[in-house]
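User: I would like to go through this protein step by step and hear the reasoning behind each label that is put on it. Please set every value against the rule it is judged by.

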Amino acid sequence: MTHAATVHSLWTTAAAAPDKIPSPDIEYGQLSPTLIVLGAAIVGVLIEAFLPRRQRYAAQLFVSVVALAAAFAAVIGLAAGDYGTSKARVAAMGAIAVDGPALFLQGTILLVALVAVFTFAERRLDPVAHGNRVDSFAAQAAAVPGGDAEKAAVKAGFTTTEIFPLVLFAVGGMLVFPSANDLLTLFVALEVFSLPLYVLCALARRHRMLSQEAAVKYFLLGAFSSAFLLFGIALLYGYAGTVTYAGIADVVDGQVRNVTPALAGTMGNDVLLLIGGAMVLMGLLFKIGAVPFHMWTPDVYQGAPTPVTGFMAAATKVAAFGALLRLLYVVLPGLRWDWRPVMWGVAIVTMLGGAIVAVTQTDVKRLLAYSSIAHAGFILAGVIATTPEGISSVLFYLAAYSFVTLGAFAVVTLVRDAGGEATHLSKWAGLGRRSPLVAAVFAVFLLAFAGIPLTSGFAGKFAVFKAAADGGAGALVVIGVISSAIAAFFYIRVIVLMFFSEPRTDGPSVAVPSPLTSSAIAIGVAVTLVLGVAPQYFLDLASQAGVFVR
């Protein structure tokens, strides 16, 4: 039978049975948080196209804040409607899961993004240039760094207001990523949130070359990790004949009926399963920044504009850990004995590697980057627990960690000298005498990173380590505590540097921020202290949200 005849016969059978083609059934209400954010992103693109330059900033900021707040309200509405517990289900023709972990992580990402947008919109830190207030982003992204076009753009008062729709597109992808219920949706979501981040990393107003280098590194390594993920998806499809999470899990557990002969040849081929699963895991571990897939983290965190670094450090971790949890707990629970030893190894080298290398850092942003690598290791300890407590402890830790990170990077934007942000640690000496409030706030964030009691970091670490110990990973907890002790050394060292050393005469000044950055930092401090002093309500919330739908 020729190819044309085959196609023709397919057409005739399709035409003869019009009722066989199912119309797609999309649950718009349950997908509303993602739809609101992506819709607002498209509105942001239209604002760039049609509004005069002077009006764009206010319009973009308004649209972004309203959209993120509305999407968060939609998440709360879904949670109140029991979609996180009794009504948890798979929506959008099986592509998206609406369940407890998905709603919890989406709520966290939206709140983080809302606070991050405040830092993006900050326009009081840099001195006024040619009578115009400027932000952290390049005046004209397409202009050559230091060239005539860039000088003309600065003089004309141009600003890159495209950052707001880019952030919204990134958030839209991040909302889908932890709730994706098949591997193709996972891949599309990964690309949707990665591409805007690559662009955002290249847009720093000061240190343009460093920023563009960071973006290129991130893009190239991110492309590699996406390729690994896609290759893994292809192998898993070859193994199971389906890309849906539940379908693959059924094949892993050996509960499949109605197998076509073509599929029977490759199905159950464990080599495909193991290599495919490992490659998908690599793609996710890259996004988390776990050793040995962490090499991009310090360079990108240092080179990107600081508001972008804060947003990326907080929100990407939340989305990637959500996807990792769903992959390991929904798709590959039958492979637990294969992936647990590997994840043990990754968690150990990540905790120790992040903590030990951070001790040698002299730049605040690089220090926070290595600290974020160490934290990825601590959170992996909760992932390894493979118990319901493991899931809820990871959810709580992610919520606590993301606000501390955002607050810390927001403080970094305030300490400035003539060249912009003063990120070299030597310049922070004596900051506590020059600006006691800013230094005290930064000290609170550092203590939370170190896991000192009465901060959210302690409650999160305690929950994760307890879950790991109960899940039979006691040795991992011991290594985690040792890593925490090493990490505490360099956090305390920065506090000592700020409060107990003499200020330099040519030291940096602390810029007075507008209410936007002030509120971002205040929210960070409030969340850090509330989750540290009274974490029980939020731990209960995380444990209620800790059940995946299949």
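Analyst: A term is needed before any loop can be placed: helices, of at least four residues, and strands, of at least two, are DSSP runs numbered from the N terminus. With that in hand, Ala92 is found in the loop between strand S1 (89-91) and strand S2 (96-98). Please keep in mind that this is a predicted model.

User: What makes the backbone at Ala92 worth a remark, and why is Ala92 called buried or exposed?

Analyst: Ala92 has a positive phi of about 55 degrees, although this residue is not a glycine. As for its surroundings, the relative accessibility of Ala92 is 12%, and because buried means under 20%, Ala92 counts as buried.

User: Which label does Met93 earn, buried or exposed, and why?

Analyst: Met93 is also found in the loop between S1 and S2, and its phi is near 55 degrees, a positive value in a residue other than glycine. The relative accessibility of Met93 is 51%, and since the label exposed requires a value over 50%, Met93 counts as exposed.

User: Why is Ser371 called buried, and what is it in contact with?

Analyst: Ser371 lies in helix H15, which spans residues 364-384. Its relative accessibility is 1%, which is under the 20% limit, and therefore Ser371 counts as buried. Leaving aside neighbours within four places in sequence, Ser371 is in contact with Phe449, Phe490 and Tyr491, where contact means heavy atoms within 4.5 Å.

User: What kind of peptide bond joins Val291 and Pro292, and where is Pro292 placed?

Analyst: The bond that joins Val291 and Pro292 is a cis peptide bond, with omega at about 5 degrees. Pro292 has its place in the loop between helix H11 (270-288) and helix H12 (296-303).

User: How do you know that the radius of gyration agrees with that of a compact globule?

Analyst: For 550 residues, the rule puts the radius of gyration of a compact globule near 24 Å, and the protein has 24 Å, so the two agree. Along the principal axes, the C-alpha atoms fill a box of roughly 85 × 60 × 40 Å.

User: What else describes the protein as a whole?

Analyst: The protein holds 22 helices and five strands, and buried residues make up 58% of its 550 residues. Among contacts with a separation of 6 or more, 80% are between residues 24 or more positions apart. The accessible surface comes to about 21,400 Å², and carbon and sulfur atoms account for 70% of that area.

Methods: Residues numbered from 1 in each chain as written. Predicted model: local features only at pLDDT ≥ 70, side-chain atom pairs only at ≥ 80, totals over all residues. Heavy atoms only, no water. Rg over C-alpha atoms; globule rule 2.2 N^0.38 Å. Buried < 20%, exposed > 50% of the residue type's maximum accessible area, 1.4 Å probe, protein only. Areas by Shrake-Rupley, 256 points an atom, 1.4 Å probe, with all protein chains shown as cover.
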